[in-house]
Amino acid sequence: MRLIGALVLGAALMAGPAEGQSRRFVFAGKPAPKDAVAVPAGRPYADGYGFEGGNPALFSVAVPPGNYRVTVTLGRDDIRTDTTIKAESRRLMLDRVVVPAGRTVMRSFVVNVRDATLAPPPVNAPGGTAVLLKPRERGSFSWDDRLTLEMLGTAPGVTAITVEPVTVPTVFLLGDSTVTDQPAEPAASWGQMLPVFFRPDVAVANHAESGETMKSFMTELRFAKVLETAKAGDWALIQFGHNDQKTQWPQTYAAAETTYRDYLRAWIAEFRRRGVTPVLVTSPERRMWTGSAIRPTLADYAAAVKTVGADLRVPVIDLNMASIRFYEALGPTRAPLAFNDGGKDATHHDNYGAWVLARAVAAGMAAAKLPLAAHLRPDLAAFDAGRPPDPATFRLAPSVAHDSTRPDGN
């Protein structure tokens, strides 16, 4: 498979665009109209745009934080094209858009871009001015000053891209390594697969991070960043438990029957007073077997989520049960095909496993009749996690970055 590489695009140069202003970039040697920028192959990054280090696989344009509608023109005169596009740290936006030779199509999606800065607190008030990022996060596509697109596929065919700032509802994801945007193959998480199931009228802002608990998410000011950014009409999907349950992590341990529930209640209150709709998601199970059945390791945390949801009338998507049905449908022999590192990792998923769990989350939105489900793509077929697609036939274009390091947490 030939990978043409990655695009990092923005709506302006260093200062970024004004509200409603759009920028258009033309590639593949196509002539550029007056309102577009022609990007020569290999132009080194300078003055806010160009290829990183002259590497033709990475193209960058400066962009300020916000939500951006990206419209791509796909298709070439000479060959049939097959294009998959991921954004930022491998968020799936378009999956295998095939265009016959001599034709073009246009596709749009919305990308959320953020940085780690926080508004300075008032004088003598507690707080900080930035999220406390882990070393591996610094300089990553998730926290930089660029909108990153990765163009993949057997024959990528992007010839033009338009980027414009938009005001749309944002779906914030708060969670751990099973939700985060994993930066490199083969690991993947459901949060980075979720955008492909939405129409281009909503943004997904994945603030989840490996190794996080509800307490560390607050002490590292990640929760503060979400609260500062969120606005009335947005949504917040909350999924924790894998790391909260670890008694060997005494600084962040939260007992399911007490403190964990209290954290959930406090977060729900904070979102609701801002006009943001919270949705609770139970954690996907680890791949632990008793015979041919999954042995639950997170049942008490899933029960706590459901109790809080019922008490406070907050929707709950039961990803824990969906994951169990998924793994048991595959059975002990094939279930490792859904997991990172060739199945040696029993917690973190690969592209296939992450895609199935994300599809289960989208199906959960529809089943619960959430207003958010109105933003899902209308062409999505019915889905049952207990009848997943065959892993032998699943295909997703791999990203450029590969790293065998296991994600934090277990």
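Colleague: Is Ser 399 buried or exposed, and what is its relative accessible area?

Modeller: Bearing in mind that this is a predicted model, the reading starts from the cut-off, since a residue counts as buried when its relative accessible area is under 20%. Ser 399 has a relative accessible area of 1%, so it is buried. Ser 399 lies in the segment after helix H7 (351-367), and its side chain is joined to that of Arg 90 by a polar contact of 3.2 Å.

Colleague: Where is Arg 90, and what is its phi?

Modeller: The general idea comes before the case: most residues other than glycine have a negative phi, and most peptide bonds are trans. Arg 90 sits in the loop between strand E7 (81-87) and strand E8 (91-99), and its phi is near 65°, a positive value in a residue other than glycine. With 4% relative accessibility, Arg 90 counts as buried.

Colleague: Which residue of strand E8 has a positive phi although it is not a glycine?

Modeller: That residue is Arg 96, which is found in strand E8 and has a positive phi of about 50°. Arg 96 counts as partly exposed, at 44% relative accessibility, whereas Arg 90 counts as buried.

Colleague: Which peptide bond is cis, and what is its omega?

Modeller: The bond from Glu 185 to Pro 186 is cis, with omega near 5°. Pro 186 belongs to the loop between E12 and helix H1 (190-193). In space, the C-alpha atoms of Pro 186 and Pro 398 are 8.3 Å apart, although the two residues are 212 residues apart in sequence. Pro 398, like Ser 399, is placed in the segment after H7, but Pro 398 counts as partly exposed, at 28% relative accessibility.

Colleague: What is in contact with Ser 210, leaving aside its neighbours within four places in sequence?

Modeller: A list of this kind is best read together with the position and the burial of the residue. Ser 210 lies in the loop between strand E13 (203-206) and H2, and it is buried, with a relative accessible area of 3%. Once neighbours within four places in sequence are left aside, Ser 210 is in contact with Lys 134, Arg 136, Asp 176, Ser 177, Thr 180, Gln 182, Pro 407 and Asp 408.

Colleague: Which residues of helix H3 are buried, and what covers them?

Modeller: In general, an α-helix has 3.6 residues a turn, so residues three or four places apart point the same way. In helix H3 (residues 222-229), the buried residues are Arg 222, Phe 223, Lys 225, Val 226 and Leu 227. Their cover includes strand E12 (170-175), helix H2 (214-219) and helix H4 (259-272).

Colleague: What is the strand order of the open sheet of 5 strands, and which are its edge strands?

Modeller: An edge strand is recognised by its pairing on one side only, as the following case shows. The open sheet of 5 strands has the order E3-E2-E11-E6-E9, with mixed pairing, and its edge strands are E3 (36-38) and E9 (105-113). From one strand to the next, the twist averages 20°. Within this sheet, strand E2 (residues 23-26) pairs with E3 in the parallel sense over 3 bridges, and Val 26 stands opposite Ala 38 in E3.

Colleague: In which sense do E7 and E10 run, and how many bridges join them?

Modeller: E7 and E10 run antiparallel and are joined by 5 bridges, with Thr 84 standing opposite Leu 152 in E10. Strand E10 (residues 147-155) is largely enclosed by the rest of the structure, because 8 of its 9 residues are buried.

Colleague: How many helices and strands does the protein have, and what is its radius of gyration?

Modeller: The protein has 7 helices and 18 strands. Its radius of gyration is 21 Å, close to the 22 Å that the globule rule gives for 410 residues, so the protein is as compact as a globular protein of that length. The C-alpha trace spans about 65 × 60 × 40 Å along its principal axes, and 55% of the 410 residues count as buried. Among contacts with a separation of 6 or more, 76% are accounted for by residues 24 or more positions apart. The accessible surface comes to about 16,600 Å², and 54% of this belongs to carbon and sulfur atoms.

Note on methods
Residues numbered from 1 in each chain as written. Predicted model: local features only at pLDDT ≥ 70, side-chain atom pairs only at ≥ 80, totals over all residues. Heavy atoms only, no water. Pairing = 2+ DSSP bridges. Helix = DSSP H or I, 4+ residues; strand = E, 2+ residues; numbered from the N terminus. Axes fitted to C-alpha atoms, helices over the stretch in contact; angles between N-to-C directions. Buried < 20%, exposed > 50% of the residue type's maximum accessible area, 1.4 Å probe, protein only. Contact = heavy atoms within 4.5 Å. Rg over C-alpha atoms; globule rule 2.2 N^0.38 Å. Areas by Shrake-Rupley, 256 points an atom, 1.4 Å probe, with all protein chains shown as cover. Polar contact = N/O pair within 3.5 Å; in protein donor to acceptor, adjacent residues only side chain to side chain.
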